[in-house]
Amino acid sequence: AELNSNENYLFSDGSNINEINRYQLGTTSATADVISNSGLTGSCTAFKVSPFSSTTLFVGTSNGKLFRVTNSTGVSPTFTEITGNSFIGSISSIAFGATENDILVTFHNYGVTSVFYSSNAGGNWQNKEGNLPDLPVKAVMVNPLNPNEVILGTELGVWGTPNFNDANPSWSRAQNGMKDAKVMSFDLRTADNTILAATHGRGLFTGQFTADDSTLSSKDNTLNNLVKVYPTVSNGNFKISGSAQIRE
(Lines give C-alpha, C1' and ligand atoms only; values in the text may rest on other atoms or scores of the structure.)
Protein backbone atom coordinates (compact mmCIF):
# COMPACT_ATOMS: atom_id res chain seq x y z
CA ALA A 1 0.00 0.00 0.00
CA GLU A 2 1.02 3.64 -0.45
CA LEU A 3 -0.25 6.77 1.27
CA ASN A 4 -0.52 9.98 -0.71
CA SER A 5 -0.56 12.39 2.22
CA ASN A 6 -0.68 15.50 0.02
CA GLU A 7 -3.88 14.46 -1.72
CA ASN A 8 -5.28 12.30 1.13
CA TYR A 9 -5.52 9.05 -0.81
CA LEU A 10 -4.45 5.51 0.03
CA PHE A 11 -3.66 3.00 -2.74
CA SER A 12 -3.48 -0.77 -2.31
CA ASP A 13 -3.56 -3.96 -4.35
CA GLY A 14 -7.05 -4.65 -5.67
CA SER A 15 -9.29 -7.67 -5.25
CA ASN A 16 -8.86 -8.59 -8.92
CA ILE A 17 -5.56 -8.89 -10.74
CA ASN A 18 -6.00 -5.79 -12.94
CA GLU A 19 -7.30 -3.48 -10.21
CA ILE A 20 -5.97 -0.98 -7.67
CA ASN A 21 -8.04 -0.02 -4.64
CA ARG A 22 -8.15 3.73 -4.00
CA TYR A 23 -9.40 5.14 -0.70
CA GLN A 24 -10.13 8.84 -0.20
CA LEU A 25 -9.20 9.70 3.37
CA GLY A 26 -11.18 12.07 5.52
CA THR A 27 -14.52 11.07 4.01
CA THR A 28 -17.42 9.39 5.79
CA SER A 29 -17.14 6.27 3.64
CA ALA A 30 -14.34 3.72 4.02
CA THR A 31 -15.27 1.98 0.78
CA ALA A 32 -12.63 1.95 -1.91
CA ASP A 33 -13.23 2.87 -5.49
CA VAL A 34 -11.29 0.93 -8.09
CA ILE A 35 -8.97 2.08 -10.83
CA SER A 36 -8.01 -0.57 -13.35
CA ASN A 37 -6.03 -1.20 -16.50
CA SER A 38 -5.80 -4.24 -18.76
CA GLY A 39 -2.01 -4.03 -18.63
CA LEU A 40 -2.05 -4.98 -14.94
CA THR A 41 -1.61 -8.71 -15.47
CA GLY A 42 0.01 -9.35 -12.08
CA SER A 43 -0.79 -8.32 -8.54
CA CYS A 44 0.52 -4.93 -7.38
CA THR A 45 3.64 -5.46 -5.26
CA ALA A 46 5.06 -1.91 -5.07
CA PHE A 47 3.56 1.58 -5.05
CA LYS A 48 5.32 4.95 -4.98
CA VAL A 49 3.76 8.40 -5.18
CA SER A 50 6.04 10.75 -7.08
CA PRO A 51 7.67 13.32 -4.77
CA PHE A 52 7.64 15.72 -7.73
CA SER A 53 3.98 15.42 -8.78
CA SER A 54 1.48 14.55 -6.07
CA THR A 55 -1.07 13.04 -8.45
CA THR A 56 1.40 10.73 -10.22
CA LEU A 57 1.63 7.17 -8.93
CA PHE A 58 4.16 4.50 -9.91
CA VAL A 59 3.08 0.86 -9.67
CA GLY A 60 5.19 -2.32 -9.85
CA THR A 61 3.72 -5.78 -10.23
CA SER A 62 4.47 -9.40 -9.35
CA ASN A 63 5.33 -10.20 -12.97
CA GLY A 64 7.87 -7.40 -13.37
CA LYS A 65 5.79 -4.69 -14.99
CA LEU A 66 6.16 -1.01 -14.09
CA PHE A 67 3.56 1.70 -14.74
CA ARG A 68 3.39 5.46 -14.40
CA VAL A 69 -0.17 6.50 -13.50
CA THR A 70 -0.91 10.18 -14.03
CA ASN A 71 -4.03 11.82 -12.60
CA SER A 72 -4.12 8.93 -10.12
CA THR A 73 -6.53 10.77 -7.81
CA GLY A 74 -8.81 11.93 -10.62
CA VAL A 75 -11.74 10.48 -12.52
CA SER A 76 -9.73 9.03 -15.41
CA PRO A 77 -6.18 7.97 -14.45
CA THR A 78 -3.81 7.34 -17.36
CA PHE A 79 -1.54 4.26 -17.27
CA THR A 80 1.78 4.30 -19.16
CA GLU A 81 3.91 1.16 -19.07
CA ILE A 82 7.65 1.81 -18.61
CA THR A 83 8.77 -1.77 -18.01
CA GLY A 84 12.42 -2.52 -18.77
CA ASN A 85 13.25 -5.19 -21.34
CA SER A 86 15.32 -7.11 -18.76
CA PHE A 87 12.82 -6.95 -15.89
CA ILE A 88 12.23 -10.46 -14.49
CA GLY A 89 10.57 -11.25 -11.17
CA SER A 90 8.52 -9.29 -8.68
CA ILE A 91 9.11 -5.56 -8.17
CA SER A 92 9.72 -4.82 -4.49
CA SER A 93 10.35 -1.06 -4.38
CA ILE A 94 10.48 2.12 -6.45
CA ALA A 95 12.52 5.22 -5.62
CA PHE A 96 13.67 8.47 -7.21
CA GLY A 97 16.83 10.50 -7.52
CA ALA A 98 17.00 14.24 -8.10
CA THR A 99 14.07 14.33 -10.56
CA GLU A 100 11.15 12.21 -11.67
CA ASN A 101 13.31 11.12 -14.62
CA ASP A 102 15.71 9.36 -12.21
CA ILE A 103 13.96 6.11 -11.27
CA LEU A 104 15.31 3.15 -9.30
CA VAL A 105 13.53 -0.21 -9.21
CA THR A 106 14.39 -3.30 -7.16
CA PHE A 107 13.32 -6.95 -7.28
CA HIS A 108 13.05 -9.49 -4.45
CA ASN A 109 13.60 -12.80 -6.21
CA TYR A 110 16.64 -15.05 -6.34
CA GLY A 111 18.35 -15.63 -9.68
CA VAL A 112 17.38 -12.29 -11.24
CA THR A 113 18.93 -8.84 -11.63
CA SER A 114 17.84 -6.99 -8.49
CA VAL A 115 18.62 -3.30 -9.16
CA PHE A 116 17.79 -1.17 -12.21
CA TYR A 117 18.10 2.56 -12.87
CA SER A 118 16.68 4.87 -15.53
CA SER A 119 17.83 8.45 -16.13
CA ASN A 120 15.13 9.20 -18.71
CA ALA A 121 11.83 8.40 -16.99
CA GLY A 122 11.87 4.74 -17.97
CA GLY A 123 12.86 5.11 -21.59
CA ASN A 124 15.98 3.02 -21.01
CA TRP A 125 17.12 0.96 -18.03
CA GLN A 126 20.60 0.19 -16.72
CA ASN A 127 21.58 -2.89 -14.72
CA LYS A 128 23.10 -1.62 -11.44
CA GLU A 129 23.57 -4.91 -9.63
CA GLY A 130 27.36 -4.78 -9.91
CA ASN A 131 28.95 -7.19 -7.41
CA LEU A 132 25.82 -7.51 -5.25
CA PRO A 133 25.30 -11.15 -4.20
CA ASP A 134 22.26 -13.06 -5.44
CA LEU A 135 19.79 -12.08 -2.73
CA PRO A 136 16.33 -10.48 -2.55
CA VAL A 137 16.29 -6.68 -2.40
CA LYS A 138 13.36 -5.15 -0.53
CA ALA A 139 14.05 -1.40 -0.49
CA VAL A 140 16.24 1.27 -2.06
CA MET A 141 17.11 4.87 -1.18
CA VAL A 142 19.33 7.56 -2.73
CA ASN A 143 21.41 9.89 -0.59
CA PRO A 144 19.84 13.32 -1.30
CA LEU A 145 23.17 15.02 -0.50
CA ASN A 146 25.24 12.71 -2.70
CA PRO A 147 23.34 10.98 -5.53
CA ASN A 148 26.29 8.68 -6.20
CA GLU A 149 25.54 6.93 -2.89
CA VAL A 150 22.65 4.46 -2.81
CA ILE A 151 21.63 2.00 -0.10
CA LEU A 152 19.61 -1.20 -0.37
CA GLY A 153 17.51 -3.07 2.17
CA THR A 154 18.08 -6.77 1.52
CA GLU A 155 17.53 -10.24 2.92
CA LEU A 156 20.92 -9.78 4.66
CA GLY A 157 20.83 -6.28 6.10
CA VAL A 158 21.76 -3.00 4.44
CA TRP A 159 24.14 -2.84 1.49
CA GLY A 160 25.43 0.38 -0.04
CA THR A 161 27.56 1.75 -2.84
CA PRO A 162 29.52 5.01 -3.07
CA ASN A 163 29.75 4.74 -6.88
CA PHE A 164 26.22 4.10 -8.12
CA ASN A 165 26.90 6.12 -11.28
CA ASP A 166 29.51 3.60 -12.42
CA ALA A 167 28.52 0.95 -14.94
CA ASN A 168 29.17 -1.75 -12.30
CA PRO A 169 28.73 -0.31 -8.79
CA SER A 170 30.66 -1.87 -5.90
CA TRP A 171 28.29 -2.87 -3.10
CA SER A 172 29.34 -3.58 0.47
CA ARG A 173 27.52 -4.34 3.69
CA ALA A 174 26.66 -1.41 5.94
CA GLN A 175 24.49 -2.96 8.64
CA ASN A 176 26.57 -1.68 11.64
CA GLY A 177 25.14 -4.00 14.31
CA MET A 178 22.07 -5.06 12.36
CA LYS A 179 23.66 -8.43 11.49
CA ASP A 180 21.72 -10.56 9.00
CA ALA A 181 18.23 -9.16 9.62
CA LYS A 182 15.94 -8.73 6.64
CA VAL A 183 15.41 -5.00 5.93
CA MET A 184 11.91 -4.40 4.59
CA SER A 185 11.74 -0.62 4.12
CA PHE A 186 13.47 2.74 4.48
CA ASP A 187 12.13 6.15 5.44
CA LEU A 188 13.92 9.49 5.47
CA ARG A 189 13.60 12.43 7.84
CA THR A 190 14.57 15.27 5.54
CA ALA A 191 15.19 17.79 8.33
CA ASP A 192 18.52 16.11 9.18
CA ASN A 193 18.73 13.30 6.56
CA THR A 194 18.25 10.54 9.11
CA ILE A 195 17.35 7.16 7.62
CA LEU A 196 15.05 4.72 9.38
CA ALA A 197 15.48 1.06 8.41
CA ALA A 198 12.68 -1.32 9.42
CA THR A 199 13.77 -4.93 9.86
CA HIS A 200 11.98 -8.25 10.15
CA GLY A 201 12.90 -9.46 13.62
CA ARG A 202 15.40 -6.89 14.95
CA GLY A 203 13.32 -3.74 15.26
CA LEU A 204 14.31 -0.36 13.84
CA PHE A 205 17.75 1.07 13.06
CA THR A 206 18.79 4.60 12.14
CA GLY A 207 21.68 6.13 10.24
CA GLN A 208 22.43 9.48 8.67
CA PHE A 209 23.32 10.59 5.16
CA THR A 210 26.03 13.20 4.69
CA ALA A 211 27.61 14.82 1.64
CA ASP A 212 30.80 12.78 2.08
CA ASP A 213 31.97 10.55 -0.74
CA SER A 214 30.99 7.49 1.28
CA THR A 215 29.16 7.29 4.58
CA LEU A 216 26.68 4.45 5.04
CA SER A 217 27.88 2.63 1.96
CA SER A 218 31.14 1.36 3.43
CA LYS A 219 32.91 0.76 6.69
CA ASP A 220 36.65 1.25 7.10
CA ASN A 221 38.52 -1.39 9.06
CA THR A 222 42.15 -1.66 10.10
CA LEU A 223 42.99 -5.22 9.16
CA ASN A 224 46.12 -5.71 11.25
CA ASN A 225 46.73 -8.76 13.45
CA LEU A 226 43.16 -9.97 13.14
CA VAL A 227 44.16 -13.63 12.80
CA LYS A 228 47.11 -15.40 14.42
CA VAL A 229 48.46 -18.82 13.47
CA TYR A 230 50.93 -20.44 15.89
CA PRO A 231 53.41 -21.90 16.56
CA THR A 232 55.53 -20.93 13.58
CA VAL A 233 57.34 -24.26 13.82
CA SER A 234 55.17 -27.28 14.63
CA ASN A 235 54.93 -31.03 14.37
CA GLY A 236 51.89 -30.77 12.11
CA ASN A 237 49.46 -29.31 14.65
CA PHE A 238 48.81 -25.60 14.85
CA LYS A 239 46.28 -23.20 16.34
CA ILE A 240 44.30 -20.33 14.78
CA SER A 241 43.15 -17.46 16.97
CA GLY A 242 40.83 -14.60 15.94
CA SER A 243 40.81 -11.22 17.67
CA ALA A 244 37.76 -9.68 19.33
CA GLN A 245 37.48 -7.30 16.33
CA ILE A 246 36.61 -10.23 14.06
CA ARG A 247 33.95 -11.45 16.47
CA GLU A 248 32.33 -8.01 16.39
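Buried means under 20% relative accessible area, exposed means over 50%, and partly exposed lies in between (1.4 Å probe, protein chains only). The model is predicted: local features need pLDDT of at least 70, side-chain atom pairs count only at pLDDT 80 or more, and totals for chains, interfaces and linings use all residues. Residues are numbered from 1 along each chain as its sequence is written, and side-chain values use heavy atoms, with hydrogens and water left out.

**Exercise 1. Place T106 and list its side-chain polar contacts and its neighbours.**

Step 1. Find the element. T106 sits in strand β10 (residues 103-107). Strands (E, at least two residues) and helices (H or I, at least four) are DSSP runs, numbered from the N terminus.

Step 2. Classify the exposure. T106 has 0% relative accessibility, so T106 counts as buried.

Step 3. Look for polar contacts. These are pairs of N or O atoms within 3.5 Å; within protein, one must be able to donate a hydrogen and the other to accept it, and residues adjacent in sequence count only if both atoms are side-chain atoms. The T106 side chain has one with the side chain of S92 at 2.7 Å. Another joins the side chains of T106 and S93 at 2.5 Å.

Step 4. Add the neighbours. Contact means heavy atoms within 4.5 Å. Leaving aside residues up to four places away in sequence, T106 touches S90, I91, S92, S93, S114, V137, K138, A139, V140 and L152.

**Exercise 2. Analyse the salt bridge between D33 and R22.**

Step 1. Apply the criterion. A salt bridge is a side-chain nitrogen of Lys or Arg within 4 Å of a carboxyl oxygen of Asp or Glu. For D33 and R22, the closest N and O atoms are 2.6 Å apart.

Step 2. Locate the partners. The pair links distant parts of the chain: D33 belongs to strand β4 (residues 33-36) and R22 to strand β3 (residues 19-24), 11 residues apart.

Step 3. Classify both ends. D33 is partly exposed, because its relative accessibility is 33%. R22 is at 7%, so R22 is buried.

**Exercise 3. How many salt bridges does a search of the whole structure find? Work through two further pairs.**

Step 1. Take the total. The search finds four.

Step 2. Treat K182 and E155. Their side chains meet at 3.7 Å, N to O. This pair also links distant parts of the chain: K182 is in strand β17 (residues 182-189), E155 in the loop between β14 (150-154) and β15 (157-161), 27 residues apart. K182 is partly exposed at 23%. E155 is partly exposed at 24%.

Step 3. Treat R189 and D192. The N to O value is 2.9 Å. R189 is partly exposed at 49%. D192 is partly exposed at 29%.
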